[in-house]
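Here is a short set of exercises to work through with the coordinates open. Try each task before reading its solution.

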Amino acid sequence: MQDYSVLCGAALADLFTPPLYWSDIFTQMDSIGVGSMPIILLTGFFTGCVLALQSVTALKQFGAVSMTGTLVALSMVKELGPVLTGLMVSGRNAAGMASELGSMKVTEQLDAMRALGTDPIRKLVTPRLAATVFMLFFLTIIADAVGIAGGALVATNLLGLNATMYLHTSYQSLKYGDVVQGLVKPLFSGFIIATVGCYFGMKTTGGTQGVGKATTQAVVVSSVFIIIVDFLVSRLMIGIFGR
Amino acid sequence: MRGETASAGAAVAEQPEHAGPVVEFENVSIGFDGKQVLEDVSFTVERGQTLIILGPTGSGKSVLLKLANGLLKPDSGSIRIFGHEITAMPEREIFELRAHIGMVFQESALFDSLTVEDNVAYRLHEEHVSEDESHKRVVEALEFVELGHAIDKFPSELSGGMRRRVSIARAIISGPDLILYDSPTGGLDPITSTTIIELVMKQRDVSHTTSLLVTQRLQDAFVLATHRYDAKQGMRPIAKDGPDRGVDPGTKFLILNDSRVIFNGSTEELVHSEDPWIKGFLA
C-alpha cells in the first residue's frame, strides 16, 4: 500500500512539473479512449436494452410502464454507465498497462530508461493516468447516451411505448445532482485503472509468468476498487445532493 | 571529495573534471530477501581504465553494475562516481549524473516499440537535440557498430548480436565518460562475441572511455586484456616483447565469489595468482 501511494503521489506530482510527455499522453488517449470505444458502445447499448426489457415487467404491476425511460435514464447515468464503463476499461486497459509495463520490467527496459536519464513514472505512468482519467469521462458520457438510446429502441419497438414520451420522461427525470454523480465517478475509476495497472506492471518479478500474474492482479484489484469507490462516491453524492 | 554529496543538479550536470578515481566502492553491501548478494565490496577504477568483473553465476556481478549506475541503493557502504556520493543522492540528480554514463544491458533492453534509430537517439530526444543533429549522430554511432543498414528496423527484426550492437550504439552516442557493460557477449555465438569484444576494445582504445565490463566468458576477458584495436588493422595482439609485455596496462580484473571480492589486480597478477579457487576458475 505504501509503494502504491508513493507511485500515485509521484505520478500526480509529475503532472504539474515539466517535462510533460504530451505525445505519450495523446498516444495513450488514442489507445485507451478510441480503442475502448467499440466495447463501450456495445456494453452501454445492450445494458440499456436489457434494462428497459427487465424493468417493464416490474413497472407493469404498478401501472407505471410509462416510467421506463425514467428508470433507464437514472440507472444508466447514475450507476450503470460509470461502473460498467470503468469495469470494461479496467478489463481492457489495466490489463494492458500491467502486461506492457511488466514486460518492460522483466526485460530491463525500465532500468534502461532510468539509465538513459528518464524517470519511468513521468514517462510511462503519468501519461497513462492523465489519458485514462480524461478519456474515461467521455467514454462514460457515450455509454450513458447509447444506453438510453438502447432502452428507447426496446421500449418503442418491443414494448410499444411512445418514443417522444420515453425521451421526455428520461430527460425530465435527470437532475443536476444525478449528472454530477455520474460524471464524478469516472474520474475516480480512471485514476484507479491507471495507477493499479501501472503499479502491478512496475512491480512485476519472475519473468513471463510474473507478467501474467501481474495482469490478473491488476484487473481483479482495479475492478474491486472501482466497485468499492463507486459505493463511497454514491454515498457522498447522496449526502451532498440528497438523491 | 570523500563523503561529499553533489549539492546541486547543475553541478552534477556539468561534471566531471574530477581528478580522483571515476568509480569508488567502499565497503558496499547489499542483499535481497535475506540473502546477501554483495558483502563489503571495495575497489576503485581510475580514468581510462577498464575493469573486467568475473565470477560464477549469482555472484552479484550485474548487481554491482546496477549499484554503480544508481539503479540500486546499497544497504551499507559508499559509492562515488566521478567523486559524487550517489548513495545519498536524490534520483533527480542521479538522472543528471547518468548523462555521463552509458550502460549496455545483459539482454540489450532495447525499447520494443521504437525503431533502431529512435532507440539509439533516445537520450538525444530527451535532451531535445534537433532532428538533423540527432540523425547525424545516430548514423555515426550505428556505423561505429557496423549496423548502419539497420537504422529503420525494429528490435524484433534483429538477431541477438545485432541487438547487442544497437545497445552499444545507444550507450556511446552521448560520448559518456563511463560505460558499464553487463555481459555484452552473454548468450552469443563465439564469432558474434568476438565482434562485440572488438567493439568494446575499439571504444576503449579509440575514445579511452573508463569502463566496467561484466562477463562470464574468460576468453573474452583475456582477449580484451591482451589485444588492442588499431584503426588500420583492427583487433591485434599486444606484442609480448614490447613495453607492455603482451597485456594492456589499463585493463584490470576483479573477481567476485560468495558475495565478496576475492581478487582485484592486473592481468599478470591474475594469471600468477596462487589462490586455489582462482586457479580452478581460470583452468
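Helices and strands here are DSSP runs, a helix having at least four residues and a strand at least two, and they are numbered from the N terminus. Please keep in mind that this is a predicted model.

**Exercise 1.** Find where S183(B) sits and decide whether S183(B) is buried or exposed.

*Solution.* Start with the secondary structure: S183(B) lies in the loop that runs between β7 (178-182) and α8 (190-207) of chain B. Next, look at the backbone, where phi of S183(B) is positive, at about 45°, although the residue is not a glycine. Finally, count neighbours. A residue is buried if 20 or more other C-beta atoms lie within 10 Å of its own. S183(B) has 22 other C-beta atoms within 10 Å, so S183(B) is buried.

**Exercise 2.** Do the same for H208(B): which loop holds it, and what is its phi?

*Solution.* Go to the loop between α8 and β8 (210-214) of chain B, where H208(B) is placed. Its phi is near 55°, again a positive value in a residue other than glycine. For the neighbour count, recall that partly exposed residues fall between the exposed limit of 12 or fewer and the buried limit of 20 or more. With 13 other C-beta atoms within 10 Å, H208(B) is therefore partly exposed.

**Exercise 3.** Describe the fold of chain B as a whole: how many helices and strands are there, and how compact is the chain?

*Solution.* Count the elements to begin with: chain B has eleven helices and twelve strands. Its radius of gyration is 19 Å, close to the 19 Å given by the globule rule for 283 residues, so chain B is as compact as a globular protein of that length. Then turn to burial, where 44% of the 283 residues count as buried.

**Exercise 4.** Which residues touch the most other members of the largest nonpolar core?

*Solution.* The core has 132 residues, and those touching the most other members are I53(B), A68(B), V120(B), A169(B), L180(B) and L212(B). Helix α5 (residues 120-157) of chain A gives the most to this core, with 16 residues. Now zoom in on L180(B): leaving out residues up to four places away in sequence, its contacts are L65(B), A68(B), N69(B), I101(B), M103(B) and L212(B).

**Exercise 5.** Where is the cis peptide bond that involves P19(A)?

*Solution.* The bond joins P18(A) and P19(A), with omega at about -5°. P19(A) belongs to the loop between α1 (2-14) and α2 (22-61) of chain A.

Key
Residues numbered from 1 in each chain as written. Chains lettered and ligands numbered in written order. Predicted model: local features only at pLDDT ≥ 70, side-chain atom pairs only at ≥ 80, totals over all residues. Rg over C-alpha atoms; globule rule 2.2 N^0.38 Å. Core = buried A, V, L, I, M, F, W, Y, C linked by C-beta atoms within 7 Å. Contact = placed C-beta atoms within 7 Å.
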